[in-house]
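Here is a briefing for a reader who has not met this structure before. The sequence and the model come first, and the notes follow by topic.

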Amino acid sequence: MQTAAETTEASGELDKLTLQLKWLPQSQFMGYYVAAEKGYYEEEGIDIEILPGGSDIIPEQNVYNGVANIGVTWVSSLMTYQAQGYELQEIAQVFQKSGLLLVSKKDTGISTAADLTGKKVGNWFGGNEYEILALLEKYKLDKNSDLELVQQDYTMDQVKEGSIDAASAMTYNEFGLLLESGIAKEDLNVIDMNEEGVAMMEDCLFVNSEWAAENEDLIVRFLRASIKGWADASADPKAAGEIVYNVDKSVSLEHQVYMAEEVAKLVVPEGFDPANIGFIDMAAIQQTADYLALYNKDLASTPVVDDTTFTAKYWEEATK
Amino acid sequence: MKDKIKNIILPVSFGILIIALWEGGVIHKVLDFKPFQLPIPSQIIKTLGKNFEKATLDTVTTVNGAMVGLVIGCLIGFLVAVIATQFPKWGYTGLTVIATFNAIPIVALSPIMNRWFESGFGQKVGVVSVVCMGAMAINAYRGLNDLKPFARDLMESYAATGKEVFFKLRLPNCLPSIFTAIKINVPAALMAAMISEYFAASTSGLGFGVKDNLRKGMMAMGWSYIVMASLVGIILYLLIILVERKAIKWHASQR
């Protein structure tokens, strides 16, 4: 294994690497922006390019086709692709907890999931819906007859206007949007997927297995720099939010900082050693796979959870 | 007669050849696709068979919205053409306005109209209506006004009233143009309905089925919705041609 300095010296130039985000540039991905800003990738001999995501950008397809080398996606979504035959593997688990909530205004009277009967329940779909489906299953609610599942857009206007009774919201993004729009926390009911025991793993890093086999050293270096970035960002989310805001000003600085603070809680939950950022908890991955097999009946095959699909070897090398 | 048979056999055998090459993996080899990127026809059909009940429901949802929107759009378009014909001075402006609707891209229109209507059905009908208005207005206007030379002079020399000119001359003369407009509008209506579903809140319909499954990498399922959409499009088009044959037997295009 070469050290970073040796690699840089030997080649004299940086290795190009592209990272495909799952969504727009925002504090959800602050670790990578902090690492880039502070030069951690350069120190590892990497010239990083961070590609923003969007509603029609599918990280799994871009990484598989070689548009990007490394991608950020949700584990349940990655598993769906793996089950179809895409040779992709996870190399690190960035979020240790689910950030998904089901939020409703108090006046809709939804205080537990059982109250969802007859209501309009929103999600973004396209692979983001499995935790909600698991929740419904837990409360024996039929997704077709007991309530109406609707597609929600990327604002929270539908909740404010009342055209959706309960909407999906990430702790770090949409929930903040609702609060920022002037709705008081006391006026909202929140169902937390972690508390309900139906959490599935979300943001992770993954690669094309074939590409990975030829770039093992590069992956380790990327992880080392990214973990350093995430450690800094989680320790000082305010500064991280500012760094992200300077990259992309599409939302306010306050929102980026709010998001950074919430994301830090998912990357380094209470009692979690920051030295372990990116650790793949195979039990949590297995739970995600089990729920996925239960709630996506059209899956081509049962998700495989082993070291061909989820490998910790790069992470172990990077955190040595 | 011989030409007619040739006209059917050639395209059909070409279609069969393409499907055979696709099924046999030749297309995959040439373009370097994996089966999970482009599923083979037998797999698509198998997937469709397993999911047939839901796919049928989704198809009905989309077709209902498309057809109601088509009828409303065509009626409005026709009405505008009639007004422009009977009151040319100010009516023609309306025609111009409606015709410019044709230039609005559906992808821009859908997300906006989706906020006006609460139900997925209303959203679809709204978008489809707007899309269908222009073609009908322009075609019907042409049919109402491109009269045979001297036909109108003849009517007038018989002292025919404006009402008689309209019902006995303009309207029959307009029928072939109406069918042309409907033939343009049927595929446009289906397409508009599906695109509207991309942006709609509702989680049913062909458009949602295609989008959601392709996003999840479930290509065979996505393709099975594409197959349903194509089948519906072809069936509707054939229906229109059949009705057209009965309705305007006298027209040169039907001989």
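**A helix pair in chain B**

Helices α10(B) and α11(B) are roughly antiparallel to each other, because angles over 145 degrees count as roughly antiparallel, under 35 as roughly parallel, 65 to 115 as roughly perpendicular and the rest as oblique. This is a predicted model, in which local features need pLDDT of at least 70 and side-chain atom pairs count only at pLDDT 80 or more, while totals for chains, interfaces and linings use all residues. Residues are numbered from 1 along each chain as its sequence is written, and chains are lettered from A and ligands numbered from 1 in the order in which they are written.

- α10 (residues 206–215) and α11 (residues 219–247) of chain B pack at about 155 degrees, with axes 7 Å apart; axes are lines fitted to C-alpha atoms, for helices over the stretch in contact, and angles run from 0 to 180 degrees between N-to-C directions.
- On the α10(B) side the contact is made by Leu206(B), Gly209(B), Val210(B), Asn213(B) and Leu214(B); residues are in contact if their C-beta atoms, placed from the backbone, lie within 7 Å.
- Residues of α11(B) in this contact include Met219(B), Tyr225(B) and Ala229(B).

**Helix α5 of chain A**

Helices (H or I, at least four residues) and strands (E, at least two) are DSSP runs, numbered from the N terminus.

- α5 of chain A covers residues 75–84, and 10 of its 10 residues are buried; buried means 20 or more other C-beta atoms within 10 Å, exposed 12 or fewer, and partly exposed in between, with C-beta atoms placed from the backbone.
- These buried residues pack against elements of chain A including α4 (59–65), β3 (70–74) and α14 (282–295).
- After α5(A) comes Gly85(A), with a positive phi near 115 degrees.

**A sheet in chain A**

- Five strands of chain A form an open sheet in the order β7-β6-β8-β5-β9, with mixed pairing; strands pair if DSSP finds at least two bridges between them.
- Its edge strands, β7 (148–151) and β9 (188–192) of chain A, each pair on one side only.
- β5 (residues 100–105) and β8 (residues 166–170) of chain A pair in the antiparallel sense over 5 bridges, and Leu100(A) stands opposite Met170(A) in β8(A).

**Leu116 of chain A**

- Leu116(A) is found in the loop between β5 and β6 (120–123) of chain A.
- Leu116(A) counts as buried because it has 24 C-beta neighbours inside 10 Å.
- The C-alpha atoms of Leu116(A) and Ala166(A) are separated by 7.9 Å, although these residues are 50 residues apart along the chain.

Note on methods
Two residues are in contact if their C-beta atoms, placed from the backbone, lie within 7 Å.
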